[in-house]
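Hi,

Here is the structure I promised to pass on. Have a look at it first, and my notes follow below.

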Amino acid sequence: MSKKWMWIIGIVAVFVVAVSWVIGMYNNLVSMDVSVKAAWSQVDNQYQRRLDLIPNLVETVKGYKIHEADVIKNVADARARLAGANNVKDKVNAANGLEGALSRLLMVVENYPNLKADANFRQLMDSLEGTENRIAVERMRYNETVKEYNIAVRKFPASIFAGLYGFDKEKTL
């Protein structure tokens, strides 16, 4: 074989390796982006679970003729804001508002021992507590996934390809 053909084969081999490396880097970024979206979906599922519990909780509390109507209205309004949120930032802000409204409702409930003793209320509170724990776990998983993704997007030379193909940093919760 002549030197000319050796050079051509060498250049083609280097080109194939470089293209394979770029494709691998791109596919890794795509996989990590999908993982971030899947992790957010799990957080969103838990937010929805909490949203589904709240009407029953509010109705149970209303049944005990609690006179703090503004607290109940704040919970309903915060729930509506979360249900109407369209993006991650708005959902996180609305979820935080709902958490605050729920904590104020639970402080009011402390003044009603009969309500706290009600089996339906206790069951709803257990479900809500379990959901809050699930939310915390899923938010932690989301943040870990976002951290790994953001590191990959910022590392050189992946940062060049990330910028070219629209892989932007994600925000943690």
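To start with one side chain: is Lys-37 buried, partly exposed or exposed? Lys-37 is partly exposed, with a relative accessible area of 49%. For that label, buried means under 20% relative accessible area, exposed means over 50%, and partly exposed is in between, using a 1.4 Å probe and protein chains only.

Some housekeeping before the rest. This is a predicted model, where local features need pLDDT of at least 70 and side-chain atom pairs count only at pLDDT 80 or more, while totals for chains, interfaces and linings use all residues. Residues are numbered from 1 along each chain as its sequence is written, and side-chain values use heavy atoms, with hydrogens and water left out.

Salt bridges

There are six salt bridges in the structure (a side-chain nitrogen of Lys or Arg within 4 Å of a carboxyl oxygen of Asp or Glu). Lys-37 is in one of them: its partner is Asp-33, and the closest N and O atoms are 3.0 Å apart. Both residues sit in helix H1, four residues apart, which is about one turn of the helix. Helices here are DSSP runs (H or I, at least four residues), numbered from the N terminus. Unlike the partly exposed Lys-37, Asp-33 counts as buried, at 17% relative accessibility.

Lys-91 and Asp-44 form another salt bridge, with 3.0 Å between the closest N and O atoms. That pair links distant parts of the chain, with Lys-91 in helix H3 (residues 88-109) and Asp-44 in helix H1, 47 residues apart. Here the lysine is the buried partner, at 16% relative accessible area, and Asp-44 is partly exposed at 24%.

Then there is Arg-50, which forms a salt bridge with Glu-132 at 2.9 Å between the closest N and O atoms. This one also links distant parts of the chain: Arg-50 is in helix H1 and Glu-132 in helix H5, 82 residues apart. Arg-50 is buried, with a relative accessible area of 0%, whereas Glu-132 is partly exposed at 26%. Glu-99 comes in as well, since Arg-50, Glu-99 and Glu-132 are linked in a network of salt bridges.

Around Thr-131

Thr-131 lies in helix H5, which covers residues 119-154, and is buried, with a relative accessible area of 0%. A polar atom of its side chain lies 2.9 Å from the backbone oxygen of Ser-127. Leaving aside residues up to four places away in sequence, Thr-131 touches Gln-46, Arg-49, Arg-50 and Leu-53 (contact being heavy atoms within 4.5 Å). So Arg-50 turns up here again, among the residues that Thr-131 touches, and Thr-131 counts as buried.

Asn-133 is in helix H5 too, but counts as partly exposed, at 47% relative accessibility. The C-alpha atoms of Asn-133 and Gln-46 are separated by 9.5 Å, with their positions 87 residues apart along the chain.

Aromatic pairs

The structure holds five aromatic pairs. Rings of Phe, Tyr and Trp (its six-membered ring) pair if their centres lie within 6.5 Å; planes under 30 degrees apart count as stacked, over 60 as edge-to-face and the rest as tilted. One of the pairs is Trp-21 with Phe-161, edge-to-face at 6.3 Å centre to centre and 80 degrees between the planes. Trp-21 lies in helix H1 and Phe-161 in helix H6 (residues 158-164), so the pair ties together parts that are 140 residues apart in sequence. Trp-21 is partly exposed at 47%, and Phe-161 counts as buried at 17%.

Trp-40 and Tyr-142 are edge-to-face as well, at 5.8 Å centre to centre with 70 degrees between the planes. They link distant parts of the chain, Trp-40 in helix H1 and Tyr-142 in helix H5, 102 residues apart. Both are buried: Trp-40 has a relative accessible area of 12%, and Tyr-142 is at 2%. Ring pairs also link Tyr-26, Tyr-165 and Phe-167 into a cluster.

On the surface

Finally, what makes up the nonpolar surface patch of about 740 Å²? The residues are Trp-5, Ile-8, Ile-9, Val-12, Phe-15, Val-16, Val-19 and Ile-23. Patches are made of residues with over 30% relative accessible area and no salt bridge, with like charges joined within 9 Å and nonpolar side chains (Val, Leu, Ile, Met, Phe, Trp, Tyr) within 5 Å. Ile-9 lies in helix H1, residues 3-62, and is partly exposed, with a relative accessible area of 44%.

Cheers

How values were computed. Accessible areas come from the Shrake-Rupley method with a 1.4 Å probe; for residues, only the protein chains shown count as cover. Helices (H or I, at least four residues) and strands (E, at least two) are DSSP runs, numbered from the N terminus. A polar contact is a pair of N or O atoms within 3.5 Å; within protein, one must be able to donate a hydrogen and the other to accept it, and residues adjacent in sequence count only if both atoms are side-chain atoms.
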